Amino acid sequence: MCRGKFETLSLLYWWVQTALMTANRTIGYRADWKPVLLVLLISLAVTFLTWRYETKRVNDQAQMRFEQLSRDLKADIMTTMNAYGQFLRGGVGLFQASDMVTRDDWAAFVAGQAIRENYPGIQGVGYNAVIRGASARAAFEDRIRATDWPGYAIAPPAEHDLSVPVVYLEPLGPRNTRAIGFDIYSEPRRRAAVDRAIRTGMASMTAKITLVQEDTSAAADDVQAGVLVMVPIARDTQAEANPVPDPTGMIVSVFRIGDLMTSLLAPVDGQRADQMQVALYDAAAPDPDALLYLGADAAAGRFAHLQQLPLFGRVWSLQTRSTFVFDGRGLVRGPAVIAVAGILLSLLLTTVVASLAARARQSAANAATAAQTNDHIRMLMQEVNHRSKNLLAVVRAIASQTANHSPETFVADFSKRVEALAASHDILVHNKWRGVPMHDLVRSQLSHFGALVGDRITLDGPPITLNPAAAQNVGMAVHELATNAGKDGALSNQTGRVDVRWLVAQPEAAPPRFQISWVEQDGPPVRPPASRGFGSVVLGAMLHKGLAAEVDLRFPTDGVQWQMDCPLANVLEPPPDG
């Protein structure tokens with residue numbers, strides 16, 4: 001983070017130095033730097049603050065997206081494990097409903113559940129008998145050898161009165177065969193889960209263990225942490241209420257945690273594993289000794305989330321960290337667009353102000369011999385300051401309104417509106433800031449429809465010269481109308497027509513007024529916009545505020561109709577001596 005701030009400040013310093021060098025070459029001496037430096041610093045400050053705000057906004061949104069992704073994973077784990085618990089209760093029901101369940105019966109029951117498809121992550125589901133006493137243990141071994149599994153033996157040798165050996169375990173592959181006869185009560189972590197299940201009568205899970213099914217030899221490279229989840233079988237089917245002090249057996253599911261997490265991380269279009277690094281602990285807080293699962297090693301991103309999962313008498317911790325894949329999705333584009341646009345705008349404004357300041361200096365030098373030069377210079381500098389502020393206000397409004405768009409369309413929309421402003425500005429510069437002929441202004445904003453002017457586009461109105469402020473406001477409005485007509489209106493097909501007219505009206509006993517209208521015909525059917533966007537601001541509020549204009553914008557089916565009416569004095573360029 002510190003490195004990013006240092007790089008940002010270094011880049012900002014370079015921008016200032018470059019702009020000042022350009023201004024120095026343009027203006028010539030330090031006395032004229034004040035307006036240039038003021039505009040540069042203000043515009044860069046606005047850019048920097050906007051960039052910081054957008055960066056924080058995007059970062060906060062990404063944080064919320066990542067936390068939601070992590071919560072979804074937690075919900076999937078909880079839902080999956082609870083579904084597995086219901087499956088075990090189904091096995092309990094089988095034993096309670098039958099006088100005797102053979103190995104074939106159990107194999108058919110498990111096969112009917114299609115655990116590979118419906119319960120991924122389960123290594124096997126088994127039946128463990130609950131035996132009390134050495135004599136009962138020996139008799140049980142003899143019965144299983146005679147009726148089911150020759151060579152069956154309970155291991156290891158009993159150290160407790162209670163034994164809970166594996167009797168059936170399906171699907172019976174090479175891994176699960178190793179566990180047949182293993183007494184889960186002989187190992188402390190498994191024993192704790194058995195005692196909890198008997199005490200509560202509910203599903204109980206072991207702490208982290210190494211499964212008997214695992215090949216722990218030096219040549220093995222796929223040993224995974226595991227857990228057992230077990231549900232006791234009540235001796236009396238009518239007495240299923242907790243606790244179960246004397247169960248006849250346990251239905252036990254065997255989980256290899258690596259297989260379980262791989263199946264849970266695979267969904268969601270295959271993107272979940274790429275977007276987060278997952279660590280799962282058999283503890284209420286991350287503990288290396290309790291690590292159940294650690295995802296593929298990847299460079300940690302900027303987001304992290306820690307959650308607890310209460311499961312069958314245990315509490316797991318799920319720690320997730322974002323990856324560079326997640327961080328790179330939509331995190332940089334918005335702030336970068338704002339930064340680039342802000343820099344370009346800052347340089348544009350600096351150049352404009354530098355040009356105006358250079359003009360002021362040249363005017364002062366040329367008029368140095370005349371007595372009226374001092375008044376002219378003061379007026380010119382006030383004009384520079386006033387027009388710079390106006391230009392900044394207009395561009396700030398454009399940037400603020402366009403920023404409501406998505407990052408993908410910001411640059412295109414912002415560029416079109418700045419180009420419309422620049423077209424009016426070019427005409428003003430060409431006319432030495434003494435106003436713009438109305439006819440030239442309208443044609444400049446319709447330049448991309450030049451071939452249609454005089455054919456499908458009609459321009460009609462008396463000669464009138466607009467002052468700079470009015471030229472900028474009216475030019476932006478005509479540009480917005482032309483853009484909308486070319487996109488969805490009368491100029492978007494081959495038959496539509498646009499009629500642009502302006503006039504000076506002379507009401508009775510009132511000052512004259514300037515009126516302009518835009519009427520579209522024969523275009524596609526018009527539908528009023530669903531929401532108020534920047535175009536509505538340009539065509540209404542901006543003109544009302546800047547020119548005290550009354551604006552009427554309508555959307556009849558046969559074509560858009562727009563009319564502006566304002567005092568003539570607000571738009572008219574005064575004569576040079578006025």
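How many nonpolar, polar and charged residues are there in the lining of the largest cavity? Sorted by class, that lining holds ten nonpolar, three polar and one charged residues. The structure is a predicted model, and what follows describes its cavity, a patch on its surface and its salt bridges.

**The cavity**

Rolling a probe the size of a water molecule over the atoms shows where empty space is left. In this model the count comes to one cavity of 30 Å³ or more, and the space in the largest cavity is about 120 Å³. The lining is made by 14 residues, of which Val166, Ile184, Gln213, Leu228 and Val254 are the closest to the centre of the cavity. Two or more lining residues come from each of strand E1 (122-129), strand E4 (166-170) and strand E7 (249-256).

**A nonpolar patch on the surface**

Leu38, Ile42 and Val46 make a nonpolar surface patch of about 230 Å². Ile42, one of these residues, belongs to helix H2 (residues 33-97). Residues join such a patch only with over 30% relative accessible area, and Ile42, which is partly exposed, has a relative accessible area of 35%.

**Salt bridges**

Side chains of opposite charge can pair when their charged atoms come close. The structure holds 17 salt bridges, and the table sets out three pairs, including the distance between nitrogen and oxygen in each.

| Residue | Partner | N to O distance |
|---|---|---|
| Arg190 | Glu187 | 3.2 Å |
| Glu214 | Arg256 | 2.7 Å |
| Asp282 | Arg314 | 3.0 Å |

The pair of Glu214 and Arg256 links distant parts of the chain, since Glu214 is in the loop between strand E5 (204-205) and strand E6 (226-233), while Arg256 is in strand E7, and the two are 42 residues apart. Both Glu214 and Arg256 are buried, and they also take part in a network of salt bridges that links Arg175, Glu214, Arg256 and Asp259.

Why does the salt bridge between Asp282 and Arg314 tie together parts that are 32 residues apart in sequence? It does so because Asp282 lies in the loop between strand E8 (276-281) and strand E9 (291-294), whereas Arg314 lies in strand E11 (residues 314-323). Asp282 is buried, with a relative accessible area of 6%, but Arg314 is partly exposed, with a relative accessible area of 24%. As for Arg190, the partner of Glu187, its relative accessibility is 5%, so Arg190 counts as buried.

Methods
Residues are numbered from 1 along each chain as its sequence is written. This is a predicted model: local features need pLDDT of at least 70, side-chain atom pairs count only at pLDDT 80 or more; totals for chains, interfaces and linings use all residues. Side-chain values use heavy atoms; hydrogens and water are left out. On a 1 Å grid over the protein atoms alone, a cavity is a set of points where a 1.4 Å probe fits but cannot get out, and a pocket is an open set with protein on both sides within 12 Å along at least five of seven lines; lining residues have an atom within 4 Å of a point. Grid points are joined across faces, edges and corners, and a volume is the space filled by probe spheres set on the points. Helices (H or I, at least four residues) and strands (E, at least two) are DSSP runs, numbered from the N terminus. Ala, Val, Leu, Ile, Met, Phe, Trp, Tyr, Cys and Pro count as nonpolar, Asp, Glu, Lys and Arg as charged, and the others, Gly among them, as polar. Patches are made of residues with over 30% relative accessible area and no salt bridge: like charges are joined within 9 Å, nonpolar side chains (Val, Leu, Ile, Met, Phe, Trp, Tyr) within 5 Å. Accessible areas come from the Shrake-Rupley method with a 1.4 Å probe; for residues, only the protein chains shown count as cover. A salt bridge is a side-chain nitrogen of Lys or Arg within 4 Å of a carboxyl oxygen of Asp or Glu. Buried means under 20% relative accessible area, exposed over 50%, partly exposed in between (1.4 Å probe, protein chains only).
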